[in-house]
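Visitor: I have a structure open and some questions about how its parts meet. Can we go through them one at a time?

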Amino acid sequence: MQYLTNIFFIIALIAGIGFFVMNIKKLSRNIKLGKDVNRTDRKSERLKNMMMIALGQSKMVKRPFSGFLHIIVYVGFIIINIEVLEIIIDGIFGTHRIFLGVLGDAFYGFLIGTFEILAALVFVAVVIFWLRRNVSNIKRFLSKEMKGWPKNDGNYILYFEMVLMTLFLVMNATDPTFQQAGIGNPISQFITPLFDGFSADTIHAIERTAWWIHILGILVFLNYLYYSKHLHILLAFPNTYFANLNPKGQFNNLESVTNEVKLMMDPDADPYAMPEEGAEETVPEKFGASDVTDLNWVQLLNAYTCTECGRCTSSCPANLTGKKLSPRKIMMDTRDRLEEVGRNIDTNNGVFVDDNKQLLNDYISPEELWACTSCNACVEECPVNIDPLSIIMDMRRYLVMEQSAAPQELNMMMTNVENNGAPWQYNQQDRLNWANEE
Amino acid sequence: MNVPTMADMMAQGKQPEVLFWVGAAGSYDDRAKKISRAFVKILHQANVDFAVLGTEETSTGDAAKRAGNEFLFQMQAMMNIEVLNGYEIKKIVTCDPHSFNTLKNEYPSLGGKYEVYHHTQFIQNLISEGRLNIDNTSLKGKRVTFHDPCYLGRANEVYESPRDLIRRLGVNLTEMKRHKETALCCGAGGAQMFKDAEPGNKEVNVLRTEDALKTNPNIIATGCPYCNTMMTDGIKFKEKEAEVVVKDIAELIAEANNL
């Protein structure tokens, strides 16, 4: 009987981690539905970006207030997790504060004391975050795409963090031997008096309950990640590593197009040539993207990494002037559609069955895509180097090259470029007239 | 105005120091033509041996590419590359950040590898080589704000060259709240120049003009013919033509040097 709690703990731990691993595998499979793109070059530059931007939060602090609060929560999250290691060992072996004996009073006290201060700071930061989302009139949290689940999701994460931090402090406050030792309790010593007059048994029961809910809460939170925007705490690292390193103005040249253009411009090419006998019938490649599977895996990783902070949207010239385009919505739509495709594959034994839906039109409208000025403000703003612009461009390519569905004025512009080498209807022979005017 | 073409040069068996890529706006747009001429005056003053393609120049394909027409872009690119490589061009300068970006970043993988400069970078080099001086007295005391073109700034991280030149004019440079990395687009990029905006509550160029007007400028300086048009229209919309002018940095330098 005495091992019952240990066994229960181990089962909970295995179930919690196991379920998480299962979902991560699903996540990875979904990301791999994307087209290949080579992002294995320039490794040291990539590593540096990851260290600076994901680990070092260098882009977060461009907006100092929210950046500072975010760093508190982020540092708190990483450091306090050292405590989770102790909780896990205690849980498995039925020990209590195993690190105390190992590390000695002074160092253990220093560690836990630091955790307590961080926990209190995280609590305060998270409350401010909640106020920003729910009370302050911050435009980027009030956009259309933030209604319903995205808003609730953001709040649930904050509640989780408030509860977990509270439980950690209560757990310490209701541990009489820990309090008596007077080491590492800079915050919890002020909570302990709340329990004055409770019997020793009750206090012990509260301590155990807080301990259990704390660790079970962490396991639940871990598994909540997959269903939430909060995945960024993990994916920010690969996302910044694999991000585009070329100048932001450099858009990729479609290789499939290059091949066709070369053929068209080759004077020796036979336009009526039949495919060679026995040559495999190849499906002509689709130009641009109308669904998530036409995007590359980095774009899909971007979609899962987005935490919907909306810095992109708040700097987008189209959005700032009331157009429908919101780069954040582009990322959310891409993720939601990818999830839908993933669920379709799961329910159909590993194969995707056409659902008559796609990213274009069912999620993202041409009106949104045509409002983009390709100014790269969204790409610049993203604290984890997500590139919404590349998705917008790939979808425009589909609209133009597969559907000839450009706005009429753009069709005229393109006809002009084709016929007279300029976007306007001027004669190519007049191209040097400017030199002799005035 | 003496603007030699590559064809002339070739006939004389000469190879110029640099090719001036004029671009469609610089060739045809009445406002932008003035920028082309101002830049040529600067090139002449610095005794730069340059040439243009003239009637052999054609659209870089930038607008087509941003509109989603990769086919048309690559057709244009390959035609241009054939001409440029035929003339053995090594070095290109342009007043158009869109041409700058496309020639510099998107042509190499299609076979067109050149050293490409925005005119503000090129002029900066002329100064550091001692080939050009900017008169810092004639515009002294003017309040100037600089609007970063997206395809020069964020797209290629050229923020300092234009600012360095503005400071050399002896004017007071006041930055807008949104500048450099956080600059707001003028609204013309991504082929928006050639179409009406989607429904919204404001035009992007008006919002950007409001940013600029907050600095209470005499001059809004730009480094892009499209930005120039958008900001000029914004000033007209705000009925500020009497107080504020929109000028390319090349025009300001030509004016300061009395060219």
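Visitor: How far apart are the centres of domain 1 of chain B and domain 2 of chain B?
Guide: Note that this is a predicted model. Chain B is divided into domain 1 (6-128) and domain 2 (134-257). Taken over C-alpha atoms, their centres are separated by 22 Å.

Visitor: How much area is buried between domain 1 of chain B and domain 2 of chain B?
Guide: The contact involves 28 residues of domain 1 of chain B and 31 residues of domain 2 of chain B. Carbon and sulfur atoms give 66% of the buried area. The total is about 2,400 Å².

Visitor: Which three residues supply 22% of the area that domain 1 of chain B buries against domain 2 of chain B?
Guide: No other three residues supply more of that area. They are B:R31, B:H98 and B:T120.

Visitor: Which side chain meets B:R31 in a salt bridge?
Guide: The count between domain 1 of chain B and domain 2 of chain B is one salt bridge. For B:R31, the N to O distance is 2.8 Å. The partner is B:E251.

Visitor: What area do domain 1 of chain A and domain 2 of chain A bury between them?
Guide: Here domain 1 covers 3-32 + 63-242, and domain 2 covers 287-424. The C-alpha centres lie 36 Å apart. In contact are 26 residues of domain 1 of chain A and 30 residues of domain 2 of chain A. Carbon and sulfur atoms give 52% of the buried area, which is about 2,500 Å².

Visitor: Are helix 1 of chain A and helix 14 of chain A roughly parallel or roughly perpendicular to each other?
Guide: Helix 1 (residues 4-31) and helix 14 (residues 327-347) of chain A have axes 10 Å apart. The packing angle is about 110°. Angles of 65 to 115 degrees count as roughly perpendicular. The two helices of chain A are therefore roughly perpendicular.

Visitor: Which residue forms a salt bridge with A:D346?
Guide: A:D346 is one of the helix 14 residues in the contact with helix 1 of chain A. The contact residues divide into two nonpolar, two polar and four charged. The closest N and O atoms of the salt bridge are 3.5 Å apart, and the partner of A:D346 is A:K26.

Visitor: How many salt bridges are there between chain A and chain B?
Guide: In contact are 61 residues of chain A and 75 residues of chain B. The chains bury about 5,800 Å² between them, 63% of it on carbon and sulfur atoms. A:K248 forms a salt bridge with B:E157, with the closest N and O atoms 4.0 Å apart. The count between chain A and chain B is five.

Note on methods: Residues are numbered from 1 along each chain as its sequence is written. Chains are lettered from A and ligands numbered from 1 in the order in which they are written. This is a predicted model: local features need pLDDT of at least 70, side-chain atom pairs count only at pLDDT 80 or more; totals for chains, interfaces and linings use all residues. Side-chain values use heavy atoms; hydrogens and water are left out. Axes are lines fitted to C-alpha atoms, for helices over the stretch in contact, and angles run from 0 to 180 degrees between N-to-C directions. Helices (H or I, at least four residues) and strands (E, at least two) are DSSP runs, numbered from the N terminus. Angles under 35 degrees count as roughly parallel, over 145 as roughly antiparallel, 65 to 115 as roughly perpendicular and the rest as oblique. Contact means heavy atoms within 4.5 Å. Ala, Val, Leu, Ile, Met, Phe, Trp, Tyr, Cys and Pro count as nonpolar, Asp, Glu, Lys and Arg as charged, and the others, Gly among them, as polar. Domain bounds come from an automatic or database domain assignment. Buried area is the accessible area (1.4 Å probe) that two parts lose on being put together, summed over both.
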